[in-house]
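Q: I'd like a close look at one part of this predicted model, and I'd rather have one long walk-through than a list.

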Amino acid sequence: MSAKTGVGAPVLRKEDFRFITGKGQYTDDINRQDQAYAYFLRSPHAHATIKKLDISAAKSAPGVLGVLTGDDLAADKIGGLICGWMIHNKDGSPMKAGAHPALAQGKVRYVGDHVAVVIADTYAQAKDAAEKIIVDYQVLPAVVDMNKAKGSVAIHDVAPDNMVYDWHLGDKAATDAAFAKAKHVTKIDVVNNRLIPNAMEPRAAIGDFDSGTGVYTLYTTSQNPHVARLVLSAFVGIAPEHKLRVIAPDVGGGFGSKIFIYAEETVCVWASKKVGRPVKWTADRTEAFLSDAHGRDHITHAELALDDKGKILGFRVHTKANLGAYLSTFSSCVPTYLYAPLLSGQYDIPAIYAEVEGIYTTTAPVDAYRGAGRPEATFLVERIIEKAARETGTDPALFRRKNFIKSFPHQTPVIMAYDTGNYTASLDLALEMADYKNFGKRKKDSAKNGKLRGIGFSAYIEACGIAPSAAVGSLGAGVGLWESAEIRVNPVGTVEVLTGSHSHGQGHETTFAQLVADRLGIDIESVSVVHGDTDKVQFGMGTYGSRSGAVGMSAIVKAVDKVIAKGKKVAAYALEAAEKDIEFKDGRFNVAGTDKSLAFGEVALQAYIAHKFNGQDLEPGLKEGAFYDPTNFTFPSGVHICEVEIDPETGVTDIVKWTAVDDFGNIINPMIVEGQVHGGIAQGVGQALLEGAHYNADGQLVTASYMDYTMPRADDLPSFDIGITTTPCTTNPLGIKGCGEAGAIAAPPAVINAITDAVGHEDVPMPATPLAVWHACQKGARKLAAE
Amino acid sequence: MYAFSYHNPKTVRQAATLLSKNAEGKVLAGGQTLLPTMKQRLASPSALIDLGHAEGLSGIEQKGRNIVIGAMTRHVDVATSAIVKNAIPGLAALAEGIGDAAVRNRGTIGGSIANNDPAADYPSAALALGATIVTNKRKIAADDFFQGMFATALEEGEIIVKVSFPIPSKAAYEKFPNPASRYALVGVFVAKKGSDVRVAVTGAGSNGVFRSKECEAALAGRFNAKSLEGVKVSASGLNADMHATSEYRAHLIPVMAKRAVTKALGK
Ligand SMILES: Cc1cc2nc3c(=O)[nH]c(=O)nc-3n(C[C@H](O)[C@H](O)[C@H](O)COP(=O)(O)OP(=O)(O)OC[C@H]3O[C@@H](n4cnc5c(N)ncnc54)[C@H](O)[C@@H]3O)c2cc1C
């Protein structure tokens, strides 16, 4: 095994040749014979009842094959889209989930909601015909502001006060008791701004019904094709699983938004049988802004109780979470079980009590977006910790150090049991890399140039590889969260790795091959990774929540171990030795204490020709599968330090230095990990400084294009100084934790803590645009003048 | 996009004839504004009269004390022109700051000025430098040309042929970009020619580009950044949107003017 491609080596990504030479095969690159095109007529109103829907003129427009509506769905008994996680209210009653038809049935609930679909020979014809559909809307009041949702008109009849759930976690009595004895209480109000995912590749789908076999095929931009098949089969009822194949080919980014099962994919696959032709749809950018599930959108009030020495006694949180107009696939768990269990952060907090209200509004559905709940928790924890340090006159690094969890395993008061970590080590390294001790001097230099300099910390914790299945089931999840793998060894010793996880930017084709090549002692070029096709790969759960390393690779290791065990049996026959004497090392099966040995490929050949053993004693072939169910989450953690310089005349914030120290456990490919950290920080900085979805009072999305929605660009970002500390995860065989979301989780509070440090007060919103920071600078100047 | 007929005239004269025959027709320059609006079905011209092959519409030359730029000259060519960089470096820098490379490779000065987007960069240069817009029918002073948001003095069927910029003694442009679109949130072009100082502001006014009397008055005495200290610009009549309040825009005008003056003085 070459050290150049083994575990721990920065192997260049195998998939990049294909991508950078334009050879990637994305859904929109696929065309089926006789394919027709779908265009969705969308609601221009945030909230309206449909009094009349007249499709007659559209039906007879040139090229039109069909115009389908919610009535057709009902007639075909096609079910609505589902939310796969049941949340219970404080009183134990179930959440209130309104129906979510793929095409409107009498009512539209957000701008962009699906009214009807037109299928035609060309996309332009479908679009032209859609203009001929006459819809008589009775416009209802929009519900945009979560704080006013309760008294507003009901969006779904089942939820008259627009409340989906009123949920809580933690020990209220213990937390109240902690506050009763507190010497100091720090209070904070934060808004976690709403984001729009903006994957580079917009969503797309082709539904293709084969009347010869009765099999539907759906090509789609999915992070989890098996889950899509399960939902479309078992809940939506399009076809049983063996009659529905879902293929997610190359996918150009997801960030969570491609986990969910949406209306468009559902309609394309259903409609392909109705019109007797393959049906293709590719979102344009405006449709992506309007109808991809958005992320975040919390309003929170929180309080932190401290004793006289600055030790944290208790933490109390009240959050309102905007879930949008319908409950998207996993939306309900994001502000509950993916959020509140992270509220202990890296800190030893004896008592925590969190309440979360999930609220319907007439806006696009909100669901998991890179980090999913953990960024919201981290932002809150790291903002209030920073504020508490400032209020008590303690250095923010020292305040954190004093309150860090220092012994492991550690049981928090909010479900999580952290297996391992060394928070002090990350902090120490980060302080040194950031040259924290000379910050004061740099601040003075900035002041000489009329600039305000600030420094901000974020000591984040996150939880990856959501697990174990039985535990998440008891919390309301509709599925298990294990992963599957299969190792198929070919007769010449090359290997296909079939995984239930899905790569859409993460580099699995490289890291998974690295792992398998390393374990089997074969060349990395002899290993290929197969994913994203329900006909090829056995059931798997897909990729999100930074689970593919900790869970997906653990399943692979389990299958590889089985291959080696079987290989030993084959080698024993082939080498005429006892199985217990066979050792496997560096790609060779050796008979202990002799020079008798066979290479991995030779054993594979023996397994398939089956000349040296008989089929009653040993099955021919070399192929093993495994399912791995984790015993716990993994807990990546780290410290990011952001240093900003602000021009008070314009409010422009310049990030001048970024230090990221992360503990991801063991690392397979440090280059890919670094890339994930870079991308994550960019997205986190995007949230902190630039991005924000904005609906006006009528429920129109003002930020529905790049003219108004600000994406992070290269020149918005500094170079990142990246450091690594390592405490291997104790609960999976590889000791790995996960790195895909850490940057996006860590970054926002680091930025806002730096800006609030620079301007001298806490009142800075996200995104901290030049306008917002200019206001904050003026307020800071007034505050200084008053002092 | 709806269907339209496409025409490819070889001269401005042919283009004008085609335009008169197609009442719902439009001339196409770089297409950077027109084509996206057509794709979104917000514009539906019956005919496109492409100026791309019409003779004599592009190129940059110095004619006496003027820099003359053909209407079809791309932003990239203005940005990199030795003639412009030498005579009016602020104008080359302005062109360099428009959009991204793809936009600069297609977009034209004539298209930008004809479109008169209230956040576009070129109108501020034309107004501050006292440019003359030459059409197939007449010459129009910049002072008379820009008539409010997306409104100009151009008449039906009138085509911009070139723009002539008198060479100033000092000039520079400072742009505060909209964080999302990177069009001008506030863009200020300052120009000094003899004792005449002009300060034109784009991005801020609800009626498009305008001259800032406050800044011009402050600079009339001494043309340096100090003269602008403490200058207040009224927020009334300025744009307000999610990216900037009218007060913020008003505040940024003298700030950008100050920075432009410093740049113009080569400091
Ligand atoms: C992503 C993006 C970013 C941009 N950023 C900026 C920016 O930062 N600053 C900025 O100033 N601009 C920006 N633009 C606009 C760009 O500068 C365009 O080039 C310009 O607005 C229009 O020029 P055009 O040549 O593309 O004209 P077209 O789009 O072809 O035409 C625009 C209009 O002008 C008319 N027209 C064109 N030429 C003539 C003529 N010779 N005579 C009469 N009428 C004519 C057309 O009929 C049409 O109505 C941006 C555009 C894009 C797409």
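In which sense do strand β6 (residues 132-135) and strand β7 (residues 139-141) of chain B pair, and over how many bridges? Then please carry on from there to the neighbouring strands, the helix and the ligand shell.

A: Some housekeeping before the strands. This is a predicted model, where local features need pLDDT of at least 70 and side-chain atom pairs count only at pLDDT 80 or more, while totals for chains, interfaces and linings use all residues. Residues are numbered from 1 along each chain as its sequence is written, chains are lettered from A and ligands numbered from 1 in the order in which they are written, and side-chain values use heavy atoms, with hydrogens and water left out.

On to your question. β6(B) and β7(B) pair in the antiparallel sense, over three bridges. For the bookkeeping, two strands pair if DSSP finds at least two bridges between them, and helices (H or I, at least four residues) and strands (E, at least two) are DSSP runs numbered from the N terminus. To get the register, look at Thr132(B), which stands opposite Ala141(B) in β7(B). The link from β6(B) to β7(B) is a hairpin, with three residues in it.

β6(B) has another partner too: strand β8 (residues 160-166) of chain B, again antiparallel, over four bridges. Here Val134(B) is the residue to find, since it stands opposite Lys162(B) in β8(B). As background, strands of a sheet pair through backbone hydrogen bonds, either parallel or antiparallel.

Step back a little in sequence and you reach helix α8 (residues 122-129) of chain B. Eight of its eight residues are buried, so α8(B) is largely enclosed by the rest of the structure. Buried means under 20% relative accessible area, exposed over 50%, and partly exposed in between, with a 1.4 Å probe and protein chains only. Among the buried residues of α8(B) are Tyr122(B), Pro123(B), Leu127(B) and Leu129(B). Just after α8(B) comes Gly130(B), which takes a positive phi of about 65 degrees.

Now go the other way along the chain, to β9, β10 and β11. Strand β9 (residues 170-177) of chain B pairs with β10(B) in the antiparallel sense over eight bridges, with Pro177(B) opposite Ala184(B). The two strands form a hairpin with six residues between them, and Arg182(B) in that turn has a positive phi of about 65 degrees. Keep Arg182(B) in mind, because an oxygen atom of the ligand is 3.2 Å from one of its polar backbone atoms.

Strand β10 itself (residues 184-193, chain B) has eight of its 10 residues buried, so β10(B) is largely enclosed by the rest of the structure. Seven bridges join β10(B) to strand β11 (residues 196-202) of chain B, and the two run antiparallel. In that pairing Val188(B) stands opposite Val201(B). The hairpin of β10(B) and β11(B) has two residues between the strands, and Gly194(B) takes a positive phi near 60 degrees there.

That leaves the ligand. Besides Arg182(B), there are side chains to look at. His75(B) has a side-chain N or O atom 2.9 Å from an oxygen atom of the ligand, and a polar side-chain atom of Lys26(B) lies 3.4 Å from a ligand oxygen. For reference, a polar contact is a pair of N or O atoms within 3.5 Å; within protein, one must be able to donate a hydrogen and the other to accept it, and residues adjacent in sequence count only if both atoms are side-chain atoms. Taken alone the ligand exposes 980 Å², and the protein buries 90% of that. Accessible areas come from the Shrake-Rupley method with a 1.4 Å probe, and for residues only the protein chains shown count as cover.

The shell around the ligand holds 29 residues, of which Val27(B), Gly30(B), Gly31(B), Gln32(B) and Thr108(B) come nearest. A residue is near a molecule or strand if one of its heavy atoms lies within 4 Å of it. β2 (25-28) and α7 (109-115) of chain B each supply at least two residues of the shell, and α7(B) gives the most, with four. By class you get 13 nonpolar, 11 polar and five charged residues. In that scheme Ala, Val, Leu, Ile, Met, Phe, Trp, Tyr, Cys and Pro count as nonpolar, Asp, Glu, Lys and Arg as charged, and the others, Gly among them, as polar.
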